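Colleague: Could you take one part of this model and go through it slowly with me? I'm still learning how to read strands and helices, so please build the picture up piece by piece.

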Amino acid sequence: MRKYNVAVVGATGVVGRKMLQVLEERKIPVENLYPMASKRSAGKTIEFDNRKWVVEELTEKSFEKDIDFALFSAGGSTSLQFSPIAAKCGVTVIDNSSAFRMYDNVPLIVPEINGDVALTNEGIISNPNCSTIQAVMALKPIYDKYGIKRIIYSTYQAVSGSGRGGILDLENGIKGEENTFYPKPIAYNVLPHIDSFLENGYTKEEMKMVNETKKILGDDTLKITATTVRVPVLYSHSESVNIETIRPFEIEDIKNLYKDAPGLVLMDDPENNVYPTPRLTCDTDEVYVGRIRRDFSVENGINMWVVADNLRKGAATNAVQIAEYLISKGYFDK
């Protein structure tokens, strides 16, 4: 069986460690692993596939060796600097940052939706924003059957989406300590503020959801608005998604769309308190959908509740699934 040489950039970070875990869980056949990180983390050892691997410092010469693909999760500035270098060395980069997502020549991929587009890459593939991934997973079946005119996103996002700083702010805040990462306390609080504010009054996170949804679904005519909120939850993002379809529907038909859709789990029995929650979805790879009901304020409106683990399907798992898709198509055997 063919084995692959794999680099993980940002290997000691929250998402990088999750990428290593998912690579191992999904039994990606790895011959050589190259964990890379900043100079501060170089020399540390990590365990993968029952072996110990030494973390190397990321430099401009790091990719001058035989590497099939590299999973990047070390921030936008690192991706902007090193992804093109890796690509020039013949490495296929799967980048978890927002650095290249809106580049016309960089595929933005959720494998269940547009995996085939990944094959058109020019050396760099982008992993979408965590909140966008779970949203488009829930939207795609409806989009295909009924068409979508308008989407309203309201998100309730876990602190792990901010990395270790967000996690520590919540944990320390619960102990009564001061916040050091977020601009306001997150413990026992909610912050309608994810990423920086733009001149239009929206945050970067909100505009990511708007723009990335259009790109993944391949439809610039969609009308989308978003409000993204940080909540005092460690893992798994929740989203209230309001959809206005082009064609009429029956609610039961909407629910039936999710029963056999890959990567989606229908949890919708409110009379018995069955609906997705962050605690239930934590450490799983699926996107969970519930609270599906008609929005009577418009002609063809739907409300739904969408929850998924932001570190797994929202980041690490989706990135590894992109690599799996390329492997399944013999991409690295050219």
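**A hairpin and what lies around it**

Modeller: Let's begin at a turn: five residues make the hairpin connection between β13 and β14. Keep in mind throughout that this is a predicted model.

Now follow the two strands themselves. β13 covers residues 287-295, and β14 covers residues 301-308. They run antiparallel to each other, with seven bridges between them. Two of the residue pairs are easy to find on your screen. Valine 287 has alanine 308 as its bridge partner in β14, and tyrosine 288 is matched with valine 307 in β14.

Valine 287 is worth another click, as it also has a partner in β12. Over there, leucine 264 stands opposite valine 287. That contact belongs to the pairing of β12 (residues 264-266) with β13, which is parallel and has three bridges. So what does β13 have on its two sides? Take it pair by pair: with β12 the sense is parallel, while with β14 the sense is antiparallel.

A general point may help here: strands of a sheet pair through backbone hydrogen bonds, either parallel or antiparallel.

Zoom out a little, and the hairpin turns out to be part of a bigger arrangement. Six strands make up an open sheet, ordered β10-β9-β11-β14-β13-β12, and the pairing is mixed. β10 and β12 are the edge strands with a single partner each, so each has one side without a neighbour in the sheet. On average, neighbouring strands in this sheet are turned by 20 degrees against each other, ignoring direction.

Go along the sheet to β9 (residues 148-157), which is joined to β11 (residues 237-245) by eight bridges, with the two running antiparallel. β9 also pairs with β10 (residues 223-230), in the parallel sense and over eight bridges. Here threonine 155 plays a part like the one you saw for valine 287. In β11 its bridge partner is glutamate 239, and in β10 threonine 155 stands opposite threonine 228.

There's another open sheet of six strands to compare, with the order β5-β2-β1-β6-β7-β8 and parallel pairing. Its edge strands are β5 (56-57) and β8 (124-126), each pairing on one side only. If you want a pair to look at, try aspartate 95, whose bridge partner in β8 is serine 126. It sits in β7 (residues 92-95), which pairs with β8 in the parallel sense over three bridges.

Next, the helices. Two packed helices are described by the angle between their axes and the distance between the axes. For α1 and α9, the axes come within 9 Å and cross at roughly 50 degrees. Angles of 65 to 115 would count as roughly perpendicular and those under 35 as roughly parallel, so α1 and α9 are oblique to each other. Their crossing is right-handed. α4 (residues 130-146) packs with α6 at an angle of about 40 degrees, the axes being 10 Å apart. By the reasoning just used, α4 and α6 are therefore oblique to each other too, and the crossing of α4 and α6 is right-handed.

Some of these helices show up again at the largest pocket, which has a volume of about 1200 Å³. It is lined by 50 residues, and the closest to its centre are Ser73, Gly75, Asn96, Ser97 and Gly161. Helices that supply at least two lining residues each include α1 (14-25), α6 (204-217) and α9 (312-328). Which helix gives the most to the lining? That would be α6, with six residues. As for its chemistry, the lining divides into 24 polar, 15 nonpolar and eleven charged residues.

Definitions and conventions. Residues numbered from 1 in each chain as written. Predicted model: local features only at pLDDT ≥ 70, side-chain atom pairs only at ≥ 80, totals over all residues. Heavy atoms only, no water. Pairing = 2+ DSSP bridges. Helix = DSSP H or I, 4+ residues; strand = E, 2+ residues; numbered from the N terminus. 1 Å grid on protein atoms, 1.4 Å probe; cavity = no way out; pocket = protein on both sides within 12 Å on 5 of 7 lines; lining within 4 Å. Points joined across faces, edges and corners; volume = space filled by probe spheres on them. Nonpolar A, V, L, I, M, F, W, Y, C, P; charged D, E, K, R; others polar. Axes fitted to C-alpha atoms, helices over the stretch in contact; angles between N-to-C directions. Parallel < 35°, antiparallel > 145°, perpendicular 65-115°, else oblique. Left-handed = near helix turned anticlockwise from the far one by under 90°.
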